[in-house]
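Got your viewer open? Load the model, pick a cartoon view, and follow along from stop to stop.

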Amino acid sequence: MITAHTPNDRTLTTWWACEPRRLRRDHDEIIAQFPALVWNNAGAGSWEGRLPRWPFDRPEPEHLTTWIGDEGLFLRLEYSQAYPMVAPRLVPLDPLPEPYEWTQTRWHVNGDASLCLLREDAVWTGRESVADLLLKAAGWRVEYELMKHGAIEQMTDNGIVDDDRLDHFLIELPTPDDDTWHHDLKTTEPDGPAC
């Protein structure tokens, strides 16, 4: 006997039920590189916690903690049921970008307050490592403070994970805050690639 199914009979299949190897890969990579993140399997799943302040393959600059404090970015990595074909959202929780920063690509923050870590020339195919996105998020934290202090006018296109061009700022003490950055509520964009 064939039974007809109504839309209410459908049970939700999570992305990790379809992609168990990918869940295992993400879990292994995240636990190895970012042990402070905690998995939550509600909905499509997420990781939440604090990233290391300098998880890069070069020495931590001398005055990094003066610029950003003792801790790295606190964030939530949110999957969708379309993962791994759709990149996860990385939502900064501390520091939390200002609403006016959500509308300016120079801050690398999307309109929903998630981080914009994949620029026009960077394509997510579903084979990339989610740990690489977390490294970029850790770098975003450093660039965010450089922006807040007025040391740079826009974040770099590719981030600082493998690029030491901004490290020279971090070996010096920041200049005392002149308290002008938060008044910079420009909504126009400088020329450059969009998020």
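Here is a short tour, from the whole chain down to single residues.

**The whole chain.** Keep in mind throughout that this is a predicted model. Colour by secondary structure and you should find five helices and four strands. Walking along the sequence, they come in the pattern α-α-β-β-α-β-β-α-α. Switch on a surface: the protein exposes about 11,100 Å², and carbon and sulfur atoms supply 53% of that. Of the 195 residues, 41% are buried. If you like contact maps, take the contacts between residues at least 6 apart in sequence: 63% of them join residues at least 24 apart.

**The sheet.** Now select the four strands. They make an open sheet, ordered β1-β2-β3-β4, with antiparallel pairing. Why do β1 and β4 each have one side without a neighbour in the sheet? Because β1 (38-40) and β4 (89-94) stand at the edges, where each has a single partner strand. Ignoring direction, neighbouring strands here are turned by 20° against each other on average.

Zoom in on residues 46-50 and 74-78, which are β2 and β3: five bridges join this antiparallel pair. For one spot to click on, pick Arg50, whose bridge partner in β3 is Phe74.

**The core.** Hide the cartoon for a moment and show side chains. In soluble globular proteins, nonpolar side chains tend to be buried together. The largest nonpolar core here has 43 residues, and Leu51, Tyr79, Leu90 and Leu134 are the ones that touch the most other members. Two or more residues each come from α1 (15-18), α3 (64-68), β3 and α4 (130-148). The biggest giver is α4, with twelve residues.

Which residues does Leu51 touch, beyond those up to four places away in sequence? Select Phe34, Leu37, Gly72, Leu73 and Leu75, then add Leu134, Ala137 and Ala138.

**A histidine in a loop.** Last stop: select His63, in the loop between β2 and α3. Is His63 buried or exposed? Its relative accessible area is 19%, so His63 counts as buried, the cut-off being under 20%. To see who is around His63, leave aside neighbours within four places in sequence and display its contacts: Leu170, Ile171, Glu172 and Leu173. Finish with a distance label from His63 to Leu173: they sit 110 residues apart in sequence, yet their C-alpha atoms are 6.1 Å apart in space.

Terms used
Residues numbered from 1 in each chain as written. Predicted model: local features only at pLDDT ≥ 70, side-chain atom pairs only at ≥ 80, totals over all residues. Heavy atoms only, no water. Pairing = 2+ DSSP bridges. Axes fitted to C-alpha atoms, helices over the stretch in contact; angles between N-to-C directions. Core = buried A, V, L, I, M, F, W, Y, C linked by side-chain atoms within 4.5 Å. Buried < 20%, exposed > 50% of the residue type's maximum accessible area, 1.4 Å probe, protein only. Contact = heavy atoms within 4.5 Å. Areas by Shrake-Rupley, 256 points an atom, 1.4 Å probe, with all protein chains shown as cover.
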